[in-house]
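Q: Please take a close look at the nonpolar core of this protein and at the aromatic residues that go with it. I am in my first year, so explain each term when it comes up.

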Amino acid sequence: MTSTSSRKMLSKIANNRLQKELSEWQVNPPAGFKHKVTDNLQRWIIEVIGAPGTLYANEKYQLQVDFPEHYPMEAPQVIFLHPAPLHPHIYSNGHICLDYVDFVCSENKCFEHSTYRCLADILYDSWSPAMTVSSVCISILSMLSSSTAKERPPDNDRYVKNCRNGRSPKETRWWFHDDKV
């Protein structure tokens, strides 16, 4: 589901939900985000502005949010466009291994040793239809804001190499550990 041609059209429920979210966003956008207006409801481009007083203060990045046919019953695919922020949970290809804990990765698997709930899990396995694009964006900004280091995940090169040919981050099995980041 990485290219426009391979995506199915939105269901009526998905279309209605996205229209509602977009209307709410236009009236009350989350702080630090700007939706770039396009004629494609199924793919949103969102500008992220780093929060003041953080490592990413005033830096600008772009998120690409692709909505599946059955949104909100299925999670959207959320990635950073190039250049992705330098962050321990963001791969250079824009994939987000987003949680509130640190991780150690090997062969596309991050290993968990804690009970922390992670956003990567929310974006993939534990997505809830009650979540919105705004709530996901706020979680991403929170993750950026709490970072103590500008660096790539330890397995960035291996992960990115294994993700060639348009592999979706939704196909990755994310596992996490540690609570330092």
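A: What follows starts with the whole chain, goes on to the core, and then turns to the aromatic rings and the loops.

This is a predicted model, in which local features need pLDDT of at least 70 and side-chain atom pairs count only at pLDDT 80 or more, while totals for chains, interfaces and linings use all residues. Residues are numbered from 1 along each chain as its sequence is written, and side-chain values use heavy atoms, with hydrogens and water left out.

The protein has four helices and six strands. Helices (H or I, at least four residues) and strands (E, at least two) are DSSP runs, numbered from the N terminus. Read from the N terminus, the order of elements is α-β-β-β-β-β-β-α-α-α. Of the 181 residues, 51% are buried. Buried means under 20% relative accessible area, exposed over 50%, and partly exposed in between, with a 1.4 Å probe and protein chains only. The exposed surface is about 9200 Å², and carbon and sulfur atoms supply 52% of it; such areas come from the Shrake-Rupley method with a 1.4 Å probe, and for residues only the protein chains shown count as cover. A contact means heavy atoms within 4.5 Å. Among contacts between residues at least 6 apart in sequence, 64% join residues at least 24 apart.

Now the core. In soluble globular proteins, nonpolar side chains tend to be buried together. A nonpolar core is a set of buried Ala, Val, Leu, Ile, Met, Phe, Trp, Tyr and Cys residues joined through side-chain atoms within 4.5 Å. The largest one here has 32 residues, and W44, I46, L63 and F80 touch the most other members. Two or more residues each come from α1 (12–27), β2 (43–49), β3 (60–66), β4 (77–80) and α3 (133–145). Helix α3 gives the largest share, seven residues.

Take L63 as an example of a core residue. Leaving out residues up to four places away in sequence, L63 touches F33, W44, I45, I46, V48, V78, I79, F80, I96, C137 and I140.

Helix α3 deserves a separate look. Its buried residues are V133, S134, V136, C137, S139, I140, L141, M143 and L144. An α-helix has 3.6 residues a turn, so residues three or four places apart point the same way. The expected span of a helix is 1.5 Å times one less than its number of residues. For the 13 residues of α3 this gives 18 Å, and the end C-alpha atoms are 18 Å apart, which agrees.

A second, separate core has five residues, including C97, Y159, V160 and C163. C97 sits in the loop between β4 and β5 (104–106). C97 is buried, because its relative accessible area is 0%. An unreviewed UniProt entry places the feature "active site" at C97; UniProt positions are given in the numbering used here, feature names are shortened, and annotations may be inferred rather than shown by experiment.

Next, the aromatic rings. A pair of aromatic rings is described by the distance of the centres and the angle of the planes. Rings of Phe, Tyr and Trp (its six-membered ring) pair if their centres lie within 6.5 Å; planes under 30 degrees apart count as stacked, over 60 as edge-to-face and the rest as tilted. By this rule there are seven aromatic pairs. One of them is W25 with W44, which is edge-to-face at 6.1 Å centre to centre and 85° between the planes. This pair links distant parts of the chain, since W25 is in helix α1 and W44 in strand β2, 19 residues apart. W25 is buried, with a relative accessible area of 4%, and W44 is buried at 1%. F67 and Y71 also form an edge-to-face pair, with 4.8 Å between centres and 70° between planes. F67 and Y71 are both buried. W25, W44, F67, Y71 and W127 form one aromatic cluster.

Y71 leads on to the loops. Most residues other than glycine have a negative phi, and most peptide bonds are trans. The peptide bond from Y71 to P72 is cis, with omega near 5°, and P72 is in the loop between β3 and β4. E74 lies in the loop between β3 and β4 too. E74 is partly exposed, with a relative accessible area of 35%. E74 touches P68 and W127, not counting residues up to four places away in sequence.
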